[in-house]
Amino acid sequence: MKKLRFIMIGGFLGAGKTTTLARLARFYLSRGQKIGLVTNDQAQDLVDTTSLRAQGFPVEEVPGACFCCRFGDLVGKVEQLETSQRPDVILAEPVGSCTDLVATVVQPLKDLYGDRFEVAPYPVLFKPSHGLRILKSAPPISPPASGGGNGGGFSPKAAYIFRKQLEEADAIVLNRIDELDAATLAELTDLVHAAFPGTPLLRLSAKTGQGFEALTELLDQQGNFGRKILDIDYDVYAEGEAELGWLNSSIHVTTDKPLSIDAFLLDLIQRLQNALSQLGGEVAHLKAIALSDISFGVANLVSSASRIELSMPSRCEAKEFDLIFNARVALDPEQIAQQVRQTVTTACSDHKATPQFHTMQSFRPGRPQPTHRYATAK
Ligand SMILES: Nc1nc2c(ncn2[C@@H]2O[C@H](COP(=O)(O)OP(=O)(O)OP(=O)(O)O)[C@@H](O)[C@H]2O)c(=O)[nH]1
Ligand SMILES: [Mg+2]
């Protein structure tokens, strides 16, 4: 029986994983292969699951904790996709604050399910907006002492996660090259080579497709990949993750007159960017999807200093839509929840709309407790 190809794309929050997976999904479909996607988050109401489904892809979600802590659920969701889609390729997106995935996901998949799954090389996306600042700062004493140092807007412990994610990659994929000038690209290339010597570096724009062929060639490779077991301090990892406030919320919005979904989304994220920057919380990723009967739109902000992007314009007006909102910000989750509630309420009022809050979960991610952890590579 032909084995199912399992592809996981890592990278920090907002690095471009979902954009890359959607491009890969379209690529494999165009090659005549069937696909299934698995998303993952600390909680339910995930923008990525909704947006990938809205794009027409078959998606299963593992909510509640990262793949490593819900390994059985990950396998269960892959099996569900096997039954419903008969896929040739599974595309999986781990939580962007999660690391140690080689020891806790890749190795167990190879060892326990090697007769059924064929695990592809593990690429990790590099996010320039935070990565440049993190790699430019002095290399951390590993693990970092609390306080001091430059975490690229985050604490040194959150920056520790960023570095560890790249350390376990079979290849580092420098994303967003469409936005980088030649000097920055050269600087980032040097910084990555210096920090992770020996790891192949690919350059990609998940948005435009530039450099995409090198990624698909890498993912097609056979060989003994996924063997970089991290030397990692779980206390620092857990503390770094817990410094990020998490919020997932779903809201139903109604108006008397049709409202431009795109203008509303942009305005909402803009207001939140302003409110959060006043509180001093570095944004890892703010994302919102609005779904009406006829279309959907997605807006994103990937760092406090970045420009807001309408990554998927809806180009429609609607009198009613569902809004799913996800925030990952280095701030007290209670404060994020308060800001989101207040901002959605005032934005709706200014747009003569009425919000109905269905769910709002805000928390700090709990300590990762992997189902399996392989200390050495098989
Ligand atoms: N300019 C540019 N923008 C990109 C590129 N790749 C992703 N983006 C944008 O970056 C934002 C975040 O992309 P996502 O694919 O959602 O990132 P992610 O890693 O899945 O984020 P999380 O799931 O929250 O960790 C979106 O606005 C994308 O449109 C790229 O190559 N170039
Ligand atoms: Mg994503």
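A pocket is an open set of grid points with protein on both sides within 12 Å along at least five of seven lines. The model used in these exercises is predicted.

**Exercise 1. Place the ligand.**
Find which pocket ligand 1 takes up, and how much of the ligand the protein covers.

*Solution.*
Step 1. Look at the space taken by ligand 1: that space is the largest pocket.
Step 2. Turn to area. On its own, ligand 1 has 650 Å² of accessible area, and the protein covers 95% of this.

**Exercise 2. Describe the shell.**
Work out which elements and residue classes make up the shell around ligand 1.

*Solution.*
Step 1. List the elements that give two or more residues: helix 1 (17-30), strand 11 (283-291) and strand 13 (309-312).
Step 2. Pick out the main contributor. Helix 1 gives the most, with three residues.
Step 3. Sort by class. The shell holds five nonpolar, nine polar and nine charged residues.
Step 4. Find the nearest. Of the 23 residues around the ligand, these are Lys 17, Thr 19, Asp 178, His 285 and Glu 309.

**Exercise 3. Find polar contacts.**
Identify protein atoms that lie within 3.5 Å of a ligand oxygen, and say whether each is side chain or backbone.

*Solution.*
Step 1. Start with side chains. A polar atom of Thr 19 lies 2.5 Å from an oxygen of ligand 1. For His 285, the distance from a polar side-chain atom to a ligand oxygen is 2.6 Å.
Step 2. Check the backbone. An N or O atom of Ala 206 lies 2.9 Å from an oxygen of ligand 1.

**Exercise 4. Trace a salt bridge.**
Locate the partners of the Glu 118 to Arg 5 bridge in the chain.

*Solution.*
Step 1. Recall the principle: side chains of opposite charge can pair when their charged atoms come close.
Step 2. Apply the 4 Å cut-off. Glu 118 and Arg 5 meet it at 3.0 Å, N to O.
Step 3. Place each partner. Glu 118 is in strand 6 (residues 117-119), and Arg 5 is in strand 1 (residues 4-8). They are 113 residues apart, so the pair links distant parts of the chain.
Step 4. Count the salt bridges under this rule: there are 18.

Definitions and conventions. Residues are numbered from 1 along each chain as its sequence is written. Chains are lettered from A and ligands numbered from 1 in the order in which they are written. This is a predicted model: local features need pLDDT of at least 70, side-chain atom pairs count only at pLDDT 80 or more; totals for chains, interfaces and linings use all residues. Side-chain values use heavy atoms; hydrogens and water are left out. A residue is near a molecule or strand if one of its heavy atoms lies within 4 Å of it. A polar contact is a pair of N or O atoms within 3.5 Å; within protein, one must be able to donate a hydrogen and the other to accept it, and residues adjacent in sequence count only if both atoms are side-chain atoms. Accessible areas come from the Shrake-Rupley method with a 1.4 Å probe; for residues, only the protein chains shown count as cover. On a 1 Å grid over the protein atoms alone, a cavity is a set of points where a 1.4 Å probe fits but cannot get out, and a pocket is an open set with protein on both sides within 12 Å along at least five of seven lines; lining residues have an atom within 4 Å of a point. A molecule sits in a cavity or pocket if more than half of its atoms lie within 2 Å of its grid points. Helices (H or I, at least four residues) and strands (E, at least two) are DSSP runs, numbered from the N terminus. Ala, Val, Leu, Ile, Met, Phe, Trp, Tyr, Cys and Pro count as nonpolar, Asp, Glu, Lys and Arg as charged, and the others, Gly among them, as polar. A salt bridge is a side-chain nitrogen of Lys or Arg within 4 Å of a carboxyl oxygen of Asp or Glu.
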